[in-house]
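Work through the exercises below with the sequence and the model open. Each task is followed by a solution in steps.

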Amino acid sequence: MNPELSQDLSLFHLILNASVPVQLVMLLLLGASLLSWWFIFIKLFALKRALRVTDSFEREFWGGGDINVMYKRVAAERAEAGEMERIFAAGFSEFIKLRQQAGLSLNVIIDGTRRAMRATYQRELDGLEAHLSFLATVGSVSPYVGLFGTVWGIMIAFMGLSSVAQATLAQVAPGIAEALIATAMGLFAAIPAVVGYNRFTHDIDRLANRMESFMEEFSNILQRQVTSKAD
Amino acid sequence: MNVQADAPLVSRPVPKLAAGALALGVHLLFVLLLVFGVSWQTQHPAPVMVDVWESLPAPPPPVAEKTPRPPPRPVKREPAPAPVVKEPAPPKAPDIALEKKKAEAERLKKQQAIQQAEEKARAEAARAAREKQVAEQKKRELLRQLEDEEAIQRMADEEAANRTRLAKQAEARAAASKRQAEVASVVGQYRDLISATVRGNTRLPDNLVGNPEVRCLVKLLPTGEVQNVRVTKPSGNAAYDEAVVRAIEKSSPLPLPTDRDARAAFVPELSFVHRPK
């Protein structure tokens, strides 16, 4: 059998026979894909947990629990607390501190409390959104990286074709096949990253909305408490 | 003063290891799917080789007869019956005188004795002759038997030689046909390759209808360079014939197999059949 006539197009054969730039591109894409899947799973777990904890906290808060008792519990288990619990704790501790200082007007107390809560909210949101930009980058860039590898591979395949007098499709087919693997890998890395990014930003947006509403409602509650005590 | 609430965030433990393992699992799954789900192998159908026999191949060498021909049974020749000589009874002596009788008796006795002796001798001789005859016959038979055995041996030897010769011939034939098949497969591959090349270089004329066949005789140099193309069986469309000839010239040098036997099908002359599709 003639080796040039029978084409061995097994996947690993193609990858191992690819030119060095194409192989580098494939390696890069593999790394990007692995990392993005890792982050996807991390985010998936983290967001699930955040939603669960937030749900249970809201139920407890609106279920008429004693705010002081809740604050003590949250302060005791800070590391384990959810995002909304921490906002609540930050706001309430600031509120207590401001209340203890005499001669502060209601507006100052409430503004201070809100600022404290907003700072914690920003920090929590930052934590939730960590790595999302990586997913976005992989999702938007890896198809181009894969395309680059493909273009490079096809270029090399055609350059090889120019050196032979007898140009047949069989001489370029393996080169093009191995080059196209780079595009396939780019898409393989990009698609889950884009899907994950969209889903996680949506989830985080909803969580952020809930936290903001909670902040407003909690400051209202505190304000009511101050005015009712002042009366 | 409560500073705890303002302390930097303690990051919550996230199952990073589990996430990493899951990510690896997803990739492994995908690779497995690719490797086993997609058939990456392209298989060229091997050219089928058909042997046309002008005469039927020789039947397999006959199985040697296990039982050699039984040696001819020695003919048991009945020994010839010994000639029985019946002595005629002595003539009755006429009633004569006693002396005469006596003499006669004596004479008779003597005669009888002589006769007996003679008879005895004759019988002896006959027996000896008979014995000699039997012995000779036995000897002849033995000789014949020996000859028979030798002949049988010779025949068996010949048969064995014949068998080995036939087996060798069959082997040679099988090897030749295998080689022929190999050569045919290479020739077929290169024929396809040449056809594909020529087809790629052919500019079909606009007025081409159907899938006409052009038969060309291409003179090739050993390097594959096209020396001369002659249309042996035109398609009927002159423009198309011309296009095919041009395409063959343009395809020069044609790819040729390295195998010497396979090259023989291409160099120095290649009969080339071309169809546009």
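**Exercise 1: one residue of a helix**

Leaving aside neighbours within four places in sequence, A:Thr54 is in contact (heavy atoms within 4.5 Å) with A:Met84, A:Leu207 and A:Arg210. The model is predicted: local features need pLDDT of at least 70 and side-chain atom pairs pLDDT 80 or more, whereas totals for chains, interfaces and linings use all residues. Residues are numbered from 1 along each chain as its sequence is written, chains are lettered from A and ligands numbered from 1 in the order in which they are written, and side-chain values use heavy atoms, without hydrogens and water.

Task: place A:Thr54 in its element and decide whether A:Thr54 is buried or exposed.

Solution. Step 1: A:Thr54 belongs to helix 2 of chain A; helices (H or I, at least four residues) and strands (E, at least two) are DSSP runs, numbered from the N terminus. Step 2: the relative accessibility of A:Thr54 is 1%, so A:Thr54 counts as buried. Buried means under 20% relative accessible area, exposed over 50%, and partly exposed in between, with a 1.4 Å probe and protein chains only.

**Exercise 2: helix 2 against helix 4 of chain A**

Task: describe how helix 2 of chain A packs on helix 4 of chain A.

Solution. Step 1: two packed helices are described by the angle between their axes and the distance between the axes. Axes are lines fitted to C-alpha atoms, for helices over the stretch in contact, and angles run from 0 to 180 degrees between N-to-C directions. Step 2: the axes of helix 2 and helix 4 (residues 83-100) of chain A come within 7 Å and cross at roughly 50 degrees. Step 3: helix 2 of chain A is therefore oblique to helix 4 of chain A. Angles under 35 degrees count as roughly parallel, over 145 as roughly antiparallel, 65 to 115 as roughly perpendicular and the rest as oblique. Step 4: A:Thr54 is among the contact residues of helix 2 of chain A, and A:Met84 is among those of helix 4 of chain A.

**Exercise 3: helix 2 against helix 3 of chain A**

Task: classify this pair, then find which residues of helix 3 of chain A are buried.

Solution. Step 1: helix 2 (residues 20-62) and helix 3 (residues 67-76) of chain A pack at about 150 degrees, with axes 10 Å apart. Step 2: this angle makes helix 2 of chain A roughly antiparallel to helix 3 of chain A. Step 3: A:Phe57, A:Glu60 and A:Phe61 of helix 2 of chain A meet A:Ile67, A:Met70 and A:Arg73 of helix 3 of chain A. Step 4: the buried residues of helix 3 of chain A are A:Ile67, A:Met70, A:Tyr71, A:Val74 and A:Ala75. Step 5: down the axis of helix 3 of chain A they fall within an arc of 130 degrees, so they line one face; the arc is that of the directions from the helix axis to the C-beta atoms. Step 6: A:Val69, A:Lys72 and A:Ala76 are exposed on the face turned away from the buried side.

**Exercise 4: across the chains**

Task: describe the packing of helix 2 of chain A on helix 1 of chain B.

Solution. Step 1: helix 2 of chain A and helix 1 (residues 16-37) of chain B pack at about 130 degrees, with axes 8 Å apart. Step 2: that makes helix 2 of chain A oblique to helix 1 of chain B. Step 3: the contact residues include A:Trp37 and A:Trp38 of helix 2 of chain A and B:Leu22 and B:His27 of helix 1 of chain B.
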